[in-house]
Amino acid sequence: MNRKTNRKEKRTKLSKKINIPKGYFLALALALAGFLFFFVLGISRKGSTWDGKSRLSVAAPQNDGTVLLQVFDPPSKSIARLTIPKNVEIEAAHNLGTWKVGSIWKLGENEHLGGSFLAQSITKSFRFPVEAWSEAAGTGFSQNNVLEIIRSLFGYYKTNLSVSDKIKIALFALKIPGSARYDIDLSKSSYLVAKRLMGGEEGYEVRESIPEGLLSIFSDSSIVSEGAKIYIVDASGRGLENARKFGEILEVLGGKVVALKSVSPNDGDCSVWGTAMVTVKKIIQIFGCSRVDSRDNSQDLGNVVVNLGKAFAR
């Protein structure tokens, strides 16, 4: 009898020793979640597209053939969703000719150019600076719906956004109220004009001048405040054609182009030198230019110098 009593007392003592305080597992789960969050954020920061402070535009094809541009703007604490009709005729990037917007994503896949081809084509034809792209599953970030934001954060889809980018976009989007979210249908704007397309169907073409209302959406306050003086050297063999188009896109961003110069053609692509680092990084993101550490002594008109060669096809 005494032996049974001793065993019971030992079990009681043991149970007291391993008594787990309330909230222990919750605290452990939160600590683990925090560790994983910062671990993922750290390992993915290297390939990050967005700094979380400047304006970011993300292009995505929709199931109905339209293209959605999501514009996240921390300085104005707003999110804009621009819908581009599928039957707008535009000049595709990489000199691939005239196509309807609804065909651009598939064309990029067929030409093995990936989603960046959509972003480049939108930038070229609309002069909207677009840094990023994703499949349709990534458009939940701009919706005024927590569940959709979470789906885009954890969903699997093709994009050039890193895990770090997705986390920063989600955290930003969760703070933006419905009153600071804007839906814009470009078919109802003065930027598009109705026309009969090559196939005989009704569609649209892009006007030369961008309406003020759209300019304000794509202007980047970080570029404006930096006040870089941008000098563009065109060695593409097309006079100043590429330089002018390049400069127009930078001016939509809020950049100041001080000079354009045509020089003897070379086989280079796009390179950028500069001391105004916000502007330099934005040019690299949008146009895929390489960064160089020095410039020609004759290129002393600006603190950002862009060189465009024959390989630069936008």
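These legends describe close-up views of a predicted model. Residues are numbered from 1 along each chain as its sequence is written. Local features need pLDDT of at least 70, side-chain atom pairs count only at pLDDT 80 or more, totals for chains, interfaces and linings use all residues, and side-chain values use heavy atoms, with hydrogens and water left out.

**View 1. The largest pocket and its lining.** The space in this pocket is about 570 Å³. A pocket here is an open set of points on a 1 Å grid over the protein atoms alone, where a 1.4 Å probe fits, with protein on both sides within 12 Å along at least five of seven lines. Its volume is the space filled by probe spheres set on the points, which are joined across faces, edges and corners. The lining holds 25 residues, each with an atom within 4 Å of a point. Glu91, Lys124, Ser125, Arg127 and Lys245 lie nearest the centre.

**View 2. Elements and residue classes around the largest pocket.** At least two lining residues come from each of strand E4 (88–91), helix H4 (116–126), strand E9 (202–206), helix H9 (241–253) and helix H10 (277–287). Helices (H or I, at least four residues) and strands (E, at least two) are DSSP runs numbered from the N terminus. H9 supplies the largest share, six residues. By class, the lining has twelve charged residues (Asp, Glu, Lys, Arg), seven nonpolar (Ala, Val, Leu, Ile, Met, Phe, Trp, Tyr, Cys, Pro) and six polar (the others, Gly among them).

**View 3. Two residues with positive phi, Arg127 and Lys77.** Most residues other than glycine have a negative phi. Arg127 has a phi of about 65° and sits in the loop between H4 and strand E6 (132–133). Arg127 counts as buried because its relative accessibility is 13% (buried is under 20%, exposed over 50%, partly exposed in between; 1.4 Å probe, protein chains only). Lys77 has a phi of about 50° and belongs to the loop between strand E2 (67–73) and strand E3 (78–84). At 57% relative accessible area, Lys77 is exposed.

**View 4. A nonpolar surface patch.** Val146, Ile150, Phe154, Leu171 and Leu174 make a patch of about 520 Å². Helix H5 (146–154) and helix H6 (163–174) each give two or more residues. H5 gives the most, three. Patch residues have over 30% relative accessible area and no salt bridge, and nonpolar side chains (Val, Leu, Ile, Met, Phe, Trp, Tyr) are joined within 5 Å. Areas come from the Shrake-Rupley method with a 1.4 Å probe. A salt bridge is a side-chain nitrogen of Lys or Arg within 4 Å of a carboxyl oxygen of Asp or Glu. Leu174, in H6, is partly exposed at 47% relative accessibility.

Technical notes
Patches are made of residues with over 30% relative accessible area and no salt bridge: like charges are joined within 9 Å, nonpolar side chains (Val, Leu, Ile, Met, Phe, Trp, Tyr) within 5 Å.
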